[in-house]
Amino acid sequence: MMDVINMVILAFKIIFLALQGYICMEIIGGQDVKPHSRPYMASIQVDGNHKCGGALITPEWILTAAHCSLNIMHKRIEVLLGAHSLSNRTGKKEQLLKVVQVVPHKDFHLLRHDIMLLQLSHEAVLNKYVSTLKLPKSTEDIKPKTKCSIAGWGITNPRSTTPSDTLKKVNIEIMDRKVCNSEVCYNGDPLITEEMLCAGDKKYRKDSCLGDSGGPLICQTKMFRKKVYCGIIIGGGDECALRNKPGIYTRLSKNNLRWINDKIRVTTHNMTMD
């Protein structure tokens, strides 16, 4: 009789732990964003399907991750602005604009220099549903334990391949690069350089995932006492919220901000879309 009772108790424990793991899978570990509270968010769509996130930094330019450009050349690339739900659109708040130029960093390789600009066919109409996200004025590094947030339409469960229909957000904090590069975490593979950041939470239940790449990392810096655009999600692969594997981000460093400004000022045409 005791063996049966013990087996029942064990079964309940297994179910409880499984449910805990499943319940935490939102963006990963997050919740719905208040509709239209992040009007700079962009859904980058390829042939009508959400692929990556991004941020509107001028009425004509989107900032995102360079790896989002893989396997999309000669396909229909559009940017959806002003959306909360990808499927339930009103037609009055959203703007769907064609991408006419894809400009990844020329030195992009794997997670290095993972930054890209998309030029829109015409300027977005700015209003309370669509607005730009200002680039940071300071290029100082972001200190460990700085509180940040990310948002996106990426998958909410690592076992799924379907993006979230609604925009999700999650709070995380910056981790020390030494820890991220140690044997405890990535052990230098990949190497988290000064041009990059890593962030997560102590229980490794909060992370970006497939479809969140390119979205902005917003941090509450002590220097300015306000929320600042500090980085770009680049570590949102198909393996997310893994223990000792925090999310990886391209930092909006001095070099990256110089690259952005140079490309916006001098529009190149060598990668113009048909």
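## Working through the disulfides and salt bridges

A search of the whole structure turns up three disulfides. Keep in mind that this is a predicted model.

**Exercise 1. Find the handedness of the disulfide between Cys52 and Cys68, and say which parts of the chain it ties together.**

Step 1: start with the bond. Cys52 and Cys68 are joined with an S to S distance of 2.1 Å.

Step 2: check the torsion. About the S-S bond of Cys52 and Cys68 it is about -95°, so this disulfide is left-handed.

Step 3: place the two ends. Cys52 sits in strand 3 (residues 49-58), while Cys68 is in the loop between strand 4 (61-64) and strand 5 (77-81), so the pair ties together parts 16 residues apart in sequence.

Step 4: look at accessibility. The cut-off for buried is under 20% relative accessible area. Cys52 is buried at 4%, and Cys68 is buried at 2%.

**Exercise 2. Do the same for the disulfide that joins Cys148 to Cys219, then work out whether the sulfur of Cys230 is close enough or too far for a bond.**

Step 1: the S to S distance for Cys148 and Cys219 is 2.1 Å.

Step 2: the torsion here is about 100°, so the Cys148 and Cys219 disulfide is right-handed.

Step 3: Cys148 belongs to strand 8 and Cys219 to strand 11 (residues 216-221), so this link ties together parts that are 71 residues apart in sequence. Both cysteines are buried.

Step 4: now bring in Cys230. Its closest cysteine sulfur is in Cys219, 4.0 Å away, and that is too far for a bond; the cut-off is within 2.5 Å. Cys230 is also buried, with a relative accessible area of 4%.

**Exercise 3. Describe the disulfide that joins Cys180 to Cys198, and find the cysteine sulfur nearest to Cys185.**

Step 1: Cys180 and Cys198 have an S to S distance of 1.6 Å.

Step 2: with 70° about the S-S bond, the link of Cys180 and Cys198 is right-handed.

Step 3: Cys180 lies in helix 2 (residues 177-180) and Cys198 in strand 10 (residues 196-200), so the pair ties together parts 18 residues apart in sequence. Both ends are buried.

Step 4: Cys185 is in no disulfide, and the nearest cysteine sulfur, that of Cys180, is 5.2 Å away. At a relative accessible area of 5%, Cys185 is buried.

**Exercise 4. Go through the salt bridges of Asp141, Lys147 and Asp107, asking which residues are buried, partly exposed or exposed.**

Step 1: get the total. The structure holds seven salt bridges.

Step 2: take Asp141. It forms a salt bridge with Arg251, the closest N and O atoms being 3.5 Å apart. Asp141 is in the loop between strand 7 (116-120) and strand 8 (147-152) and Arg251 in strand 13 (residues 247-251), so the pair ties together parts 110 residues apart in sequence. Asp141 is partly exposed at 36%, but Arg251 is buried at 8%.

Step 3: widen the view. Asp141, Arg177 and Arg251 are linked in a network of salt bridges.

Step 4: turn to Lys147 and Glu173, whose closest N and O atoms are 2.8 Å apart in their salt bridge. This pair links distant parts of the chain, with Lys147 in strand 8 and Glu173 in strand 9 (residues 168-174), 26 residues apart. Lys147 is exposed at 53%, whereas Glu173 is buried at 18%.

Step 5: finish with Asp107 and Lys106, whose side chains meet in a salt bridge (3.2 Å, N to O). Asp107 is partly exposed at 39%, and Lys106 is exposed at 71%.

Terms used. Residues numbered from 1 in each chain as written. Predicted model: local features only at pLDDT ≥ 70, side-chain atom pairs only at ≥ 80, totals over all residues. Heavy atoms only, no water. Salt bridge = Lys/Arg side-chain N within 4 Å of Asp/Glu carboxyl O. Buried < 20%, exposed > 50% of the residue type's maximum accessible area, 1.4 Å probe, protein only. Helix = DSSP H or I, 4+ residues; strand = E, 2+ residues; numbered from the N terminus.
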